[in-house]
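Student: I'm checking backbone geometry in this one. Can you walk me through the unusual spots?
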Amino acid sequence: MSTTPASGAPLRVALVGCGIIGLNHARAILKHPDLVITALVDAVPAAATGLADQLVSEYGAERPAEFAALGDALAGAEIDVVVICTPSGLHVVVAEEALAAGKHVVIEKPLDVSLPRAREILALSRRAEQDGLVVSVISQHRFDPASRVVADAAHSGGFGRLTSGIASVAWWRSQEYYDSGQWRGTWELDGGGAVMNQGVHTVDLLVWFLGTPVEIDARTALLAHERVEVEDVAVATIRFESGALAVLHATTAAYPGLSVRLQVHGDRGSAIIDDDQLEYFATADSDGNRAADVVPAGEVRGGDRGPEQFVIGHLRQYEDIVDAIREHRAPGVTVADAFLSLAVVRAVYLSATLGRPVLLDDVLDGSLDEVVVTTGVTA
């Protein structure tokens with residue numbers, strides 16, 4: 001059963017994984033008036049201590065208790081919400097323990113790197129919902145004002161029949177980035193490269209805008225890095241149930257690093273999002289003539305660039321999660337949403353490995369679980 005405190009009392013958070021992502025989550029959590037961090041968990045004690053020191057000295061937070069394992073934290077601290085920022089391949093293991101203890105759970109993307117494990121957490125989350133628990137996966141860009149404007153138009157028919165989309169993540173990661181942690185660039189714990197780690201949010205938005213994919217045809221390569229198992233370049237074409245077609249491009253080999261760009265096109269309108277900002281938005285009027293370009297009021301242009309961008313995006317999602325807990329409703333991003341996006345990423349890797357198009361249904365039902373994915377091309 002849920003352990004949510006009485007109305008007015010802050011929700012107490014245990015943060016599991018105290019690396020860079022853990023710090024960024026902590027910064028967002030500290031900005032929410034209804035959240036307080038009571039426990040930091042990391043298998044490396046120095047990581048938890050370092051983050052605790054930083055939260056106290058730089059942000060003036062009350063020092064959280066430090067633990068080497070979630071079980072110790074559950075026994076030694078007051079906790080309502082468990083936030084999971086461990087390496088991707090450990091997400092489900094930690095989530096299972098937290099749900100078994102009756103805690104709400106927030107999982108950093110991706111849901112996991114293994115679809116069989118992801119199916120486990122999907123089933124667990126559905127049972128947890130019946131007990132009043134909220135389980136959400138971080139997909140903060142669904143809460144960007146620009147994304148909401150485009151999603152509303154796509155879902156309401158404002159763009160007419162959706163015809164195509166283009167999604168590009170043209171980033172750069174140095175060799176030092178991959179060398180900085182033994183888990184980075186591995187299939188076991190990183191789960192993939194440019195698509196799984198850098199591109200998963202963009203895949204999620206593409207699916208949110210255009211609907212359920214049917215078929216994925218992809219190629220991947222490792223071209224600009226060494227000592228890495230996963231891809232640093234990927235391209236794919238995606239066919240959706242509606243008939244719409246999309247192109248996906250993701251890379252960590254685009255020096256010095258460019259923007260993330262999403263285009264959505266229909267027979268009555270189009271939109272472009274560039275680095276989370278609404279760059280272009282136009283629809284046809286009732287007579288089929290081009291209406292004036294529309295950039296709806298709000299934060300859809302400007303305001304989110306710079307070092308605070310990550311924190312602001314995550315804070316928006318934490319606001320939704322807290323409201324979901326208080327209002328006893330489903331969160332804006334569910335495990336089912338994250339599972340679908342993960343399946344699309346997995347389909348990219350399977351298609352590249354098999355050298356042929358892959359049906360998403362074959363990925364969702366586990367028909368291709370036994371296929372061991374590779375980069376498709378060696379360095």
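Tutor: Sure. This is a predicted model, where local features need pLDDT of at least 70, side-chain atom pairs count only at pLDDT 80 or more, and totals for chains, interfaces and linings use all residues. Residues are numbered from 1 along each chain as its sequence is written, and side-chain values use heavy atoms, leaving out hydrogens and water.

Student: OK. Where does proline 256 lie?
Tutor: Proline 256 is in the loop between strand S10 (245–251) and strand S11 (260–266). Helices (DSSP H or I, at least four residues) and strands (E, at least two) are runs numbered from the N terminus.

Student: And the peptide bond from tyrosine 255 to proline 256, cis or trans?
Tutor: That bond is cis, with omega near 0 degrees.

Student: What about omega from lysine 109 to proline 110?
Tutor: Near -15 degrees, and the bond is cis. Proline 110 sits in the loop between strand S5 (104–107) and helix H5 (115–130).

Student: Why flag these at all?
Tutor: Most peptide bonds are trans, and most residues other than glycine have a negative phi.

Student: Switching to phi, then. What is it for arginine 227?
Tutor: Near 55 degrees, a positive value in a residue other than glycine. Arginine 227 is in the loop between strand S8 (213–221) and strand S9 (233–240).

Student: Is arginine 227 buried or exposed?
Tutor: Exposed, at 61% relative accessibility. Buried means under 20% relative accessible area, exposed over 50%, and partly exposed in between, with a 1.4 Å probe and protein chains only.

Student: Now aspartate 275. What's its phi?
Tutor: About 50 degrees, so positive, although aspartate 275 is not a glycine. Aspartate 275 lies in the loop between strand S12 (269–274) and strand S13 (277–283). Aspartate 275 is partly exposed, with a relative accessible area of 26%.
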